[in-house]
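Here are a few exercises to work through with the coordinates open. Try each task before you read its solution.

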Amino acid sequence: MNSKKLAVSVLNLAPVRQGFDNSQAIEAMTTLAQQTEKLGYCRYWVAEHHNTPGLVSSATSILISHLLQHSDHIRIGSGGVMLPNHSPLMVAEQYGTLETLYPNRVDLGLGRAPGTDQATAQALRRSGMETALTFPDDVRALQRYLGDSRRQGFVKAYPGVDTHVPLYILGSSTESAYLAAELGLPYVFAAHFAPRMLESAVGIYRQNFKPSAVLEKPYFILCLNVIAAETDAEAELLATSQQRFFLNVVRNTRLPLQPPKPIETGEIEPHEQRVVDSMTACTLLGSQASITEQLTQLQRIIKADEIMAVTYIYDLEKQLHSYRLFKQIAEQSAV
């Protein structure tokens with residue numbers, strides 16, 4: 001049986017680090033895209049979040065345009081566009097325009113969650129309708145708007161028609177796995193913050209997959225956390241920034257990404273620690289040797305076609321080094 005090297009890609013939530021302003025956060029996001037492109041990563045996605053002062057990724061399509069302008073060949077995309085916040089026609093026009101400007105470099109990942117709290121979701125929608133329930137229909141509408149001109153209705157996306165921007169279904173539960181399988185689209189699972197249903201979701205996706213015009217067989221991307229360093233001890237220290245990031249989520253304290261600092265006894269309540277541990281359970285952490293072993297064990301079960309790495313490391317050089325080490329590990333892995 002032939003094997004191929006494991007494809008690796010990047011998801012960036014565009015965090016604001018302590019001591020950085022929003023402009024510096026965008027600059028760091030852009031520099032990392034350029035650096036990971038040189039390392040050979042295949043795609044670089046930006047996640048959509050709103051009303052979150054520690055992240056600058058609210059206007060995702062604008063950031064994607066900026067990244068495309070400041071890179072050469074790496075695929076740039078959304079991880080993802082949260083469809084409850086947007087009209088499918090508007091999304092098709094935006095990403096059809098990006099594809100027209102930067103042919104064969106744009107990905108459109110689609111999620112059904114709003115990426116924010118309920119009050120902000122209502123402010124974004126300006127409607128009382130629960131649009132998450134229309135997610136399957138919205139995805140189909142996007143397929144039409146971005147598809148062949150002969151299959152359009154009266155309302156068309158210009159630009160958008162005939163661009164065939166690749167669509168990816170994002171999910172953190174089994175519901176999206178069924179939809180991705182039904183539509184014959186690639187499926188991306190958000191194990192970087194919600195790993196509990198990972199095995200069930202990937203099983204459902206593969207068992208129910210129906211070949212489509214864009215995909216003959218299932219294509220599964222696993223998004224997880226990666227903290228790689230020269231030693232296990234250094235990686236564990238660097239990972240304290242990640243722990244504090246998720247503690248922020250639990251407490252809704254809205255702090256910027258913190259420098260690494262060991263969490264002292266009594267600093268975190270036991271129930272908070274359990275939630276943080278649950279959210280970060282799918283993390284590759286340690287030296288090259290340690291992560292190689294962890295990845296091998298994980299791939300025996302999941303057999304992902306691609307790994308999308310999220311790396312919450314405060315120091316920019318150490319973050320880049322983590323991506324460099326992980327790319328080297330992937331070069332030795334096969335699927």
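## Exercises on a predicted model

**Exercise 1. Decide whether His 164 is buried, partly exposed or exposed, and look at its backbone.**

Solution. Start with the accessibility: His 164 has a relative accessible area of 43%, so it's partly exposed. Keep in mind that this is a predicted model. Next, place the residue: His 164 sits in the loop between helix 5 and strand 5. Finally, check the backbone: phi of His 164 is near 55°, a positive value in a residue other than glycine.

**Exercise 2. Do the same for Arg 254: where is it, and what is its phi?**

Solution. Arg 254 is in the loop between helix 8 and helix 9. Its phi is near 60°, again positive in a residue that isn't glycine. With 36% relative accessibility, Arg 254 counts as partly exposed.

**Exercise 3. Work out which parts of the chain the salt bridge between Asp 107 and Arg 43 links, and whether the two residues are buried or exposed.**

Solution. First, the distance: the two side chains meet in a salt bridge at 2.7 Å, N to O. Now the positions: Asp 107 belongs to strand 4 (residues 106–111) and Arg 43 to strand 2 (residues 43–46), so the pair links distant parts of the chain, 64 residues apart. Then the surroundings: Asp 107 is buried, and Arg 43 is too. Last, widen the view: Arg 43, Arg 75, Asp 107 and Glu 306 are linked in a network of salt bridges. The structure holds 11 salt bridges.

**Exercise 4. Take the salt bridge between Lys 210 and Glu 182 and find what it ties together.**

Solution. The closest approach here is 2.9 Å, N to O. Lys 210 lies in the loop between helix 7 (198–208) and strand 7 (220–228), while Glu 182 is in helix 6 (residues 174–183), so the pair ties together parts 28 residues apart in sequence. For accessibility, Lys 210 is partly exposed at 41%, and Glu 182 is partly exposed at 39%.

**Exercise 5. For the salt bridge between Glu 272 and Arg 251, what are the N to O distance and the accessibility of each partner?**

Solution. The closest N and O atoms are 2.9 Å apart. Glu 272 is in helix 9 (residues 270–279) and Arg 251 in helix 8 (residues 232–251), so this pair ties together parts that are 21 residues apart in sequence. Glu 272 has a relative accessible area of 9%, which makes it buried, whereas Arg 251, at 36%, is partly exposed.

**Exercise 6. Describe how helix 1 and helix 11 pack, then look at Gln 319.**

Solution. Begin with the geometry: helix 1 (residues 22–39) and helix 11 pack at an angle of about 25°, with their axes 11 Å apart. Angles under 35 degrees count as roughly parallel, so helix 1 and helix 11 are roughly parallel to each other. The crossing is right-handed.

Next, the residues that meet: from helix 1 they include Leu 32 and Gln 35, and from helix 11 Gln 319 and Tyr 323 are among them. By class, the contact of helix 1 with helix 11 has six nonpolar, three polar and two charged residues.

Now zoom in: Gln 319 lies in helix 11 (residues 316–331) and counts as buried at 7% relative accessibility. Leaving aside neighbours within four places in sequence, Gln 319 is in contact with Arg 17, Leu 32, Thr 311 and Ile 313.

Technical notes: Residues numbered from 1 in each chain as written. Predicted model: local features only at pLDDT ≥ 70, side-chain atom pairs only at ≥ 80, totals over all residues. Heavy atoms only, no water. Salt bridge = Lys/Arg side-chain N within 4 Å of Asp/Glu carboxyl O. Helix = DSSP H or I, 4+ residues; strand = E, 2+ residues; numbered from the N terminus. Buried < 20%, exposed > 50% of the residue type's maximum accessible area, 1.4 Å probe, protein only. Contact = heavy atoms within 4.5 Å. Axes fitted to C-alpha atoms, helices over the stretch in contact; angles between N-to-C directions. Parallel < 35°, antiparallel > 145°, perpendicular 65-115°, else oblique. Left-handed = near helix turned anticlockwise from the far one by under 90°. Nonpolar A, V, L, I, M, F, W, Y, C, P; charged D, E, K, R; others polar.
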